[in-house]
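The questions below go through one protein chain, part by part. Try each one with the structure open before reading the answer.

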Amino acid sequence: MSSENLPQSPEQQLRKPRVAVVFGGRSSEHGISVVTAGAVLRAIDRTKYDVLPIGITRDGRWALTADEPDRMAITDRKVPDVEQLAESAEGTVVLSVDPGSREVAYSEPGAVPKALGDVDVVFPVLHGPYGEDGTLQGLLELAGVPYVGSGVLASAIGMDKEYMKRVFISYGLPIGPYEVVRPREWEHDPSAVRKRIVDFAGEHGWPLFIKPARAGSSMGISKVDDLSGLDEAIEEARRHDPKILVESLLRGREIECGVLELEDGPRASAPAEIPPVSDHDFYDFEAKYIDSASGIVPAPLSGEQTAEVQHLAVKAFEAASCEGLVRADFFLTEDGEFVINEINTMPGFTPISMYPRMWQESGVSYPELVDRLIQAALRRSTGLR
């Protein structure tokens with residue numbers, strides 16, 4: 001019998017749903033995930049839900065953490081870390097993978113494991129590999145625990161920019177020129193890779209953007225103006241992912257649009273624009289999170305342009321079989337055409353992040369947005385759907 005069909009005890013019927021907020025993780029976006037978790041923990045309505053914060057350390061240990069959102073903020077230009085929040089340096093949180101049970105336990109060396117009770121839904125606010133890429137979603141599917149956001153396939157597609165683009169092409173969504181450099185290609189024949197990239201630049205022009213194929217938060221991205229900076233940019237991207245992506249510069253405006261899955265289907269938010277950021281070549285990690293560069297919400301678009309980007313955002317959501325939420329990022333080219341750059345299945349989610357700001361403009365407050373996502377996850381079963 002699957003866990004969603006198990007009869008509830010009187011105690012279960014009376015208690016509030018329990019939300020495990022899982023954050024941190026093994027990716028280079030660890031710190032930003034902690035910041036996001038702090039915002040979500042602050043916003044969850046404690047009169048409606050019980051909350052269990054679980055941080056995943058950089059080496060992959062699941063730690064019981066303090067429920068103290070104020071300690072999860074960027075301080076003195078430094079991002080927080082799960083190790084700073086963990087209640088023990090060795091204790092481990094364990095989720096049962098028995099789909100007939102949603103019990104969570106806490107174990108410390110030399111001590112009897114302590115039951116922490118059942119979890120009704122997981123709100124995973126992890127960014128990047130080992131969290132946003134389908135791996136955590138697969139674990140939760142095996143455990144039979146509902147969770148916020150996209151499933152295994154959509155999460156994997158949303159993380160791997162190569163296959164994301166392949167899916168978009170198959171659905172007729174407009175994308176920009178790109179090349180993929182796989183690990184073996186660079187390791188075995190870097191000269192051939194350089195030639196291919198130079199040929200690509202000859203066709204599409206410099207500068208080029210060199211980025212990890214499976215990372216986010218603008219980590220590891222370099223803008224390269226000529227061949228002299230290519231090797232350094234490739235190695236910087238490979239620090240985050242052995243597979244890299246090469247993209248040409250698309251001249252135009254950066255436009256973003258949020259998608260939220262409601263009971264009657266996905267709906268698009270008011271779009272936003274990311275204007276050029278002074279002292280930054282592009283909208284990189286420092287601009288986004290350290291210098292807190294701000295977008296324009298709503299984007300100054302015509303009614304026709306707004307409708308078009310909202311249509312494309314929902315189409316991208318459906319193309320990748322997404323659930324829950326997505327932020328879709330576009331370029332509005334100088335020719336007046338929208339080109340989709342990527343989707344994020346767990347976008348930045350602090351109150352000043354673009355996704356919540358777009359929904360705030362669309363009439364959905366940050367606490368209401370968090371509540372809607374939790375409620376949608378509670379309605380949705382695990383397994384094939």
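Q: Which residues of H12 are buried?
A: The model is a predicted one, and burial is judged from relative accessible area, with under 20% counting as buried. Helix H12 covers residues 354–361. By that cut-off, the buried residues in H12 are Met354, Tyr355, Pro356, Met358 and Trp359.

Q: Against which elements do the buried residues of H12 pack?
A: Strands and a helix both take part. The strands are E12 (252–262), E13, E14 and E15 (325–333), and the helix is H13. The full answer is therefore E12, E13, E14, E15 and H13, where packing rests on contact, meaning heavy atoms within 4.5 Å.

Q: Which residue with a positive phi follows H12, and what is its phi?
A: The residue that follows H12 is Gly363. Its phi is positive, near 95°.

Q: Is Ser269 buried or exposed, and what is its relative accessible area?
A: Ser269 sits in the loop between strand E13 (265–268) and strand E14 (272–274). Leaving out residues up to four places away in sequence, Ser269 touches Cys257, Gly258, Gln310, Met358, Trp359 and Ser362. Two of these contacts, Met358 and Trp359, are among the buried residues of H12. Ser269 is buried, with a relative accessible area of 0%.

Q: Which elements do the buried residues of H5 pack against?
A: Helix H5 spans residues 152–159, and Ala154, Ser155, Ile157, Gly158 and Met159 are its buried residues. These pack against two helices and one strand: H4 (135–143), H6 (161–170) and E16 (338–344).

Q: Which residues touch the most other members of the largest nonpolar core?
A: In soluble globular proteins, nonpolar side chains tend to be buried together. Here the largest nonpolar core has 34 residues. At least two of them come from each of E1 (18–24), H2 (30–43), H3 (82–85), E7 (121–124), H12 (354–361) and H13 (366–379). The members that touch the most others are Val21, Phe23, Val40, Ile44, Phe123, Phe349 and Val370.

Q: Which residues is Val21 in contact with, leaving aside its neighbours within four places in sequence?
A: Val21 is one of the core members with the most contacts to other members. Beyond its sequence neighbours, Val21 is in contact with Ala37, Val40, Leu41, Ile44, Val51, Leu52, Pro53, Ile54, Phe123 and Val125.

Q: How many residues are in the other core?
A: This core lies apart from the largest one. Its members include Ala154, Cys257, Ala319 and Ile343. The number of residues in this core is 27.

Q: What is the volume of the largest cavity?
A: The whole structure holds three cavities of 30 Å³ or more. The largest is lined by residues including Pro124, Glu132, Ser155 and Met346, and its lining divides into four nonpolar, six polar and one charged residues. Its volume is about 70 Å³.

Q: How many nonpolar, polar and charged residues line the second largest cavity?
A: This cavity holds about 50 Å³ of space. Its lining consists of Ala20, Ile54, Trp62, Val93, Leu95, Val104, Val119 and Val122. By class that gives eight nonpolar, no polar and no charged residues.

Q: How far apart in space are Arg58 and Arg26, C-alpha to C-alpha?
A: Arg58 lies in the loop between E2 (50–56) and E3 (62–64), and counts as partly exposed at 42% relative accessibility. Among the residues it touches are Arg26, His30 and Asp81. Arg58 and Arg26 are 32 residues apart in sequence, but in space the distance is 4.4 Å.

Q: What is the omega of the peptide bond from Trp206 to Pro207?
A: Pro207 is in the loop between H8 (190–204) and E9 (208–212). The bond from Trp206 to Pro207 is cis, with omega near 0°.

Q: What is the phi of Arg77?
A: Arg77 lies in the loop between E3 and H3 and is exposed, with a relative accessible area of 51%. Arg77 is not a glycine, yet its phi is positive, about 65°.

Note on methods: Residues are numbered from 1 along each chain as its sequence is written. This is a predicted model: local features need pLDDT of at least 70, side-chain atom pairs count only at pLDDT 80 or more; totals for chains, interfaces and linings use all residues. Side-chain values use heavy atoms; hydrogens and water are left out. On a 1 Å grid over the protein atoms alone, a cavity is a set of points where a 1.4 Å probe fits but cannot get out, and a pocket is an open set with protein on both sides within 12 Å along at least five of seven lines; lining residues have an atom within 4 Å of a point. Grid points are joined across faces, edges and corners, and a volume is the space filled by probe spheres set on the points. Ala, Val, Leu, Ile, Met, Phe, Trp, Tyr, Cys and Pro count as nonpolar, Asp, Glu, Lys and Arg as charged, and the others, Gly among them, as polar. Helices (H or I, at least four residues) and strands (E, at least two) are DSSP runs, numbered from the N terminus. Buried means under 20% relative accessible area, exposed over 50%, partly exposed in between (1.4 Å probe, protein chains only). A nonpolar core is a set of buried Ala, Val, Leu, Ile, Met, Phe, Trp, Tyr and Cys residues joined through side-chain atoms within 4.5 Å.
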